[in-house]
Structures are given as structure tokens and as C-alpha cells.
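Subject: Structure handover

Dear colleague,

I am passing on the structure we spoke about, with the sequence beside it, and would be glad if you could look it over before reading further. My notes come after it.

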Amino acid sequence: MSQLPLKAVQPTEATGRHFNSIVELRRYTLHPGRRDDLIDLFDAHFLESQEACGMTIIGQFRDPGDPNAFVWLRGFQDMATRHEALTAFYDGPVWSAHRDRANSTMIDSDNVLLLHPAEPSSGFALPAARPASPAEVASTAVFQVAIYPLKQPADQGFCSYYSTSVAPLLRERGDKPVAVFTSEHGENTFTRLPVRENENVLAVFSRFDDESAYRAYGVALESDADWLSEQARLGAYLAGKPLVTCLQPTVRSRLR
């Protein structure tokens, strides 16, 4: 696989756990008006308690385009650790005490992509500590996740094409990628939580300082001749249209 020209955040004294080799991208559809209820429940009960079981809660997000969506990411050292950590949490006292309240907010929780870094250093690098409480100042950052549904696994040509043609073009227009992932095809050994299987994707996470910067980037791409001409080449690899979503981190999101 060709090395993606992604300059992910490098570890420093201010960073803690990072570069999880297995990541779940989870998107929940909620009952109308219940998103903040679920976020409050996460902030109070589901962050430190899950990490105590051996996983990393990478980030929690609102989708400003969908008031009934909650998106979050959690990471694991490997698939064996994932099974152990999820078993410990979902058989544990915290989930038992709060699962009914959590489940009452949700219509669907099965939209889950299981991912691994496209390259060893292309995962998330995270700060050592998350914001301590909702009293912390909210981040102004906006994250974009671009999911490219592929006809074949990403390492069968698409990674090389993306790294040499697509990524440089987008970075020149203002894209600031922070992580790149591809589909993890290992068996889902924790079958109580379904994942989307038999899919091939490349998922690119980018960070913008604020909504204004993100909007400016989008406007620039809409009229960019080079980007528009690249669409035909890009489409040859794709099984469907890319799904591009804007995400706003919650106050206690570690990724912010």
C-alpha cells in the first residue's frame, strides 16, 4: 500500500492514548428531541466507565444537518481487546444501571463501521485528558468525515490513487486531514452489537478551526475546475456517492 501523505498529529507530552488499531464509527438515529438527553447521559456515565474497561472514547458529535443523529467513535488495541472490553462494559454495573434510559432515546444503533488505520500512523492522536465537565468551554472546531464506498478493498489501488491525486488536491484547497481509515474485515466477535459487514470504505477525518473555515472550503471546491475534473477518475473506484458529513464535537469530546 502506498503511504498516504497524511500528517496526522504526532504524539507529544500532551497526548495520551492514540493510534487505536481498531475503531468503531457509530451513528445513531434518535427519537426527535432526544439527542441532548443521550449526550448528557454519555457525559455523566459512559465516558470514563467505558475507558475503565479497556477502550478509548475518541469523540462524540452532533450532526448539524440532522438533529436526530448522534455520532461517536471508540477505539481498541485489537479485536481481542475489543471483545474483552465490550464484554466487561455491557455486562457491567454502569450499563445495567443506565441502559434503559439510553435505549429509550434511540430508534436505531446498528449503523456502525468497523475500521483500522490506513497506515500505522494515520489514526487519531488524542490529548491526554478529556474536558473534565460540561462547564468547560465548547470547542469551535468542525470535523468532516468523508466516507468513500469502494468497489474493492482500499489497498487494491484506491489508497495509491487517493494519496497521489485526491489528497494533495484537497489539501491545497484547505483540507486538514487528521486521520485516515479503511474497513476492518475481521470477524465481529461481539455479536450483541451488529456492524456493517462486507463493505469496503476509505474514511477520511478532517478538522477545521470553525464553521466559517469549513464553509469556505466547501465553497472553494464547488467551483474548482481541477476538483470537478477529478470526479470522473474518482468515480471509477466508487460503489456509490461519497458520504460527507459535518460533525460538531460535544463539550466533553476528547477529539475537539
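The notes below go from the whole chain to a few helices, rings and single residues.

Please keep in mind throughout that this is a predicted model. The protein chain has seven helices and ten strands, and because its radius of gyration of 18 Å is close to the 18 Å that the globule rule gives for 256 residues, it is as compact as a globular protein of that length. Along its principal axes the C-alpha trace spans about 55 × 40 × 40 Å, and 49% of the 256 residues count as buried. Of the contacts in the chain with a separation of 6 or more, 85% are accounted for by residues 24 or more positions apart.

A good place to begin is the pair of helices α1 and α4, whose axes come within 11 Å and cross at roughly 175°. Since angles over 145 degrees count as roughly antiparallel, that is how α1 and α4 are described relative to each other. On the α1 side the contact is made by Leu38, Leu41, His45 and Phe46, which meet Val94, Trp95, His98, Arg101 and Ala102 in α4. Sorted by character, the residues of this contact of α1 with α4 are six nonpolar, two polar and one charged.

Two residues of that contact, Phe46 and Trp95, also form an aromatic pair, which is tilted, with 5.6 Å centre to centre and 50° between the planes. Because Phe46 lies in helix α1 (residues 35–46) and Trp95 in helix α4 (residues 93–104), the pair ties together parts that are 49 residues apart in sequence. Both Phe46 and Trp95 are buried.

Aromatic pairs come to a count of 23. Another of them is formed by Tyr28 and Trp72, which are arranged edge-to-face at 6.2 Å centre to centre, with 80° between the planes. This pair links distant parts of the chain, as Tyr28 is in strand β2 (residues 22–30) and Trp72 in strand β4 (residues 66–76), 44 residues apart. Tyr28 and Trp72 are likewise both buried. Ring pairs in fact link the residues of both these pairs into one cluster, which consists of Tyr28, Phe42, Phe46, Phe70, Trp72, Phe89, Tyr90, Trp95 and Phe190.

Strand β2 also holds Thr29, which is partly exposed, with a relative accessible area of 38%. Leaving aside residues up to four places away in sequence, Thr29 touches Asn68, Met106, Ile107 and Asp108. Thr29 and Arg256 are 227 residues apart in sequence, and their C-alpha atoms are 22 Å apart in space.

Thr245, in strand β10 (residues 243–249), counts as buried because its relative accessibility is 9%, where the cut-off for buried is under 20%. With residues up to four places away in sequence again left out, Thr245 touches Arg27, Asp63, Phe143, Gln144, Val145 and Tyr214.

Lastly, you may wish to look at Asn198, in the loop between β8 (177–183) and β9 (201–208). Most residues other than glycine have a negative phi, whereas phi of Asn198 is positive, near 60°. Asn198 counts as exposed, at 77% relative accessibility.

With best wishes

Conventions
Residues numbered from 1 in each chain as written. Predicted model: local features only at pLDDT ≥ 70, side-chain atom pairs only at ≥ 80, totals over all residues. Heavy atoms only, no water. Phe/Tyr/Trp six-rings, centres within 6.5 Å; stacked < 30°, edge-to-face > 60°. Helix = DSSP H or I, 4+ residues; strand = E, 2+ residues; numbered from the N terminus. Buried < 20%, exposed > 50% of the residue type's maximum accessible area, 1.4 Å probe, protein only. Contact = heavy atoms within 4.5 Å. Axes fitted to C-alpha atoms, helices over the stretch in contact; angles between N-to-C directions. Parallel < 35°, antiparallel > 145°, perpendicular 65-115°, else oblique. Nonpolar A, V, L, I, M, F, W, Y, C, P; charged D, E, K, R; others polar. Rg over C-alpha atoms; globule rule 2.2 N^0.38 Å.
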